[in-house]
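Visitor: I'm new to this one, so could you walk me through it?

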Amino acid sequence: MRFFFLSGLLLLITGIHELQAQAAVGYYPFNSVLTVSSNPKNPFWVDARFQTNSIFSSLNTEIAPMVSFYRKPTHLFYAGVGANLGIIGKIVDSDAKLLQGYFLSVGTRVYPLSKVPQLGVAFEISPYSREDFKTGNFRTWLGITWQFRKKKEETPQ
C-alpha cells in the first residue's frame with residue numbers, strides 16, 4: 001500500500017514539475033518522513049510531511065506554513081508552526097481524532113554543491129505537543145532535499 005501512496009505522490013510531483021512550478025521534495029531517513037514543499041527559496045512557503053513507515057490507517061500528515069527569514073543562494077533559515085493530522089485514520093475510523101497535535105519548526109537548508117545546486121541538506125529542530133498539550137517530545141530532523149527549478153527558456157540563435 002505504501003508503494004501506491006509513494007507512486008501517486010511521485011506522479012503528483014512530476015506533474016508539478018512539468019507545469020513549471022517550483023517545488024522541493026525531501027526525505028528524512030532517520031525519521032522515515034517524506035516532505036513536499038512549495039518553493040522554500042520564497043519568503044513564505046508551505047511544507048507537507050508524510051510518514052513512510054506507518055500502518056496505513058495510522059499515517060499522519062503534517063502541514064505547516066513557513067517563513068524564510070534569512071535567504072542566500074547556498075543556504076536559508078526558516079521557521080513555522082503547523083498541525084499533525086490523522087487524515088487517513090479519520091477516514092477509516094470516524095471516532096478517531098483528526099487533529100493529533102501541534103509543532104514548531106526552526107531549520108536550515110544548505111545547498112553545498114555548486115555543480116548540483118538543487119541538492120540540499122536539511123536540518124530542523126521541531127518541538128511537538130499532542131493536541132491536549134499534556135505530552136510532547138523534542139524532535140530533530142536531518143535529511144536531503146531536491147529543489148525543482150523552472151526550465152530555462154532556450155534563446156534562438
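Guide: What follows goes through the strands, the buried interior, the salt bridges, a surface patch and some backbone details.

Guide: This is a predicted model, in which local features need pLDDT of at least 70, side-chain atom pairs count only at pLDDT 80 or more, and totals for chains, interfaces and linings use all residues. Residues are numbered from 1 along each chain as its sequence is written, and side-chain values use heavy atoms, with hydrogens and water left out.

Visitor: Okay, how do S5 and S6 run, and how many bridges join them?

Guide: S5 and S6 run antiparallel and are joined by 11 bridges, and Asn84 stands opposite Gly101 in S6. Strands here are DSSP runs of E with at least two residues, helices are runs of H or I with at least four, and both are numbered from the N terminus; two strands pair if DSSP finds at least two bridges between them.

Visitor: And how many bridges join S6 to S7?

Guide: There are 8 bridges between S6 and S7, again with an antiparallel course, and Val110 stands opposite Val121 in S7.

Visitor: Now the inside: which residues make up the largest nonpolar core?

Guide: That core has 12 residues, namely Tyr28, Val33, Trp45, Ala64, Met66, Leu76, Tyr78, Phe103, Tyr111, Ala122, Tyr128 and Trp141. Two or more of its residues come from each of S4, S5 and S7. A nonpolar core is a set of buried Ala, Val, Leu, Ile, Met, Phe, Trp, Tyr and Cys residues joined through side-chain atoms within 4.5 Å, where buried means under 20% relative accessible area, exposed means over 50%, and partly exposed lies in between, using a 1.4 Å probe and protein chains only.

Visitor: What does Ala64 touch?

Guide: Leaving aside residues up to four places away in sequence, Ala64 touches Trp45, Val46, Asp47, Val81, Gly82 and Phe103, with contact taken as heavy atoms within 4.5 Å. Apart from the largest core lies another one, of 6 residues, including Ala23, Val36, Phe50 and Phe148.

Visitor: Where is Tyr28, and is it buried or exposed?

Guide: Tyr28 sits in strand S1 and counts as buried because its relative accessible area is 1%. Beyond four places along the sequence, the residues it touches include Val33, Tyr78, Ala122 and Trp141, and also Arg49 and Glu124. The C-alpha atoms of Tyr28 and Phe123 are separated by 9.2 Å, although these residues are 95 apart along the chain.

Visitor: Let's switch to charges: how many salt bridges are there?

Guide: The structure holds 4 salt bridges, each being a side-chain nitrogen of Lys or Arg within 4 Å of a carboxyl oxygen of Asp or Glu. One of them joins the side chains of Arg49 and Glu124, at 2.6 Å from N to O. Arg49 lies in strand S3 (residues 44-51) and Glu124 in strand S7 (residues 119-130), so this pair ties together parts that are 75 residues apart in sequence. Both Arg49 and Glu124 are buried, and together with Asp47 they are linked in a network of salt bridges.

Visitor: Which residue does Arg139 pair with?

Guide: Arg139 forms a salt bridge with Glu62, the closest N and O atoms being 2.6 Å apart. This pair links strand S8 (residues 136-147), which holds Arg139, to strand S4, which holds Glu62, across 77 residues, and both partners are buried.

Visitor: On the outside, which residues make the nonpolar surface patch?

Guide: Phe44, Val67, Phe69, Tyr70, Phe77, Val81, Leu104 and Val106 make a nonpolar surface patch of about 760 Å². Patches use residues with over 30% relative accessible area and no salt bridge, joining like charges within 9 Å and nonpolar side chains (Val, Leu, Ile, Met, Phe, Trp, Tyr) within 5 Å. The largest share, 3 residues, comes from S4. Leu104, found in strand S6, is partly exposed, with a relative accessible area of 38%.

Visitor: One last thing: which residue in the loop between S7 and S8 has a positive phi?

Guide: Phe133, in the loop between S7 and S8, has a positive phi of about 60 degrees although it is not a glycine, and Phe133 is exposed at a relative accessible area of 59%. Ser32 also has a positive phi, of about 55 degrees, without being a glycine, and Ser32 counts as buried at 15% relative accessibility.

Terms used
Accessible areas come from the Shrake-Rupley method with a 1.4 Å probe; for residues, only the protein chains shown count as cover.
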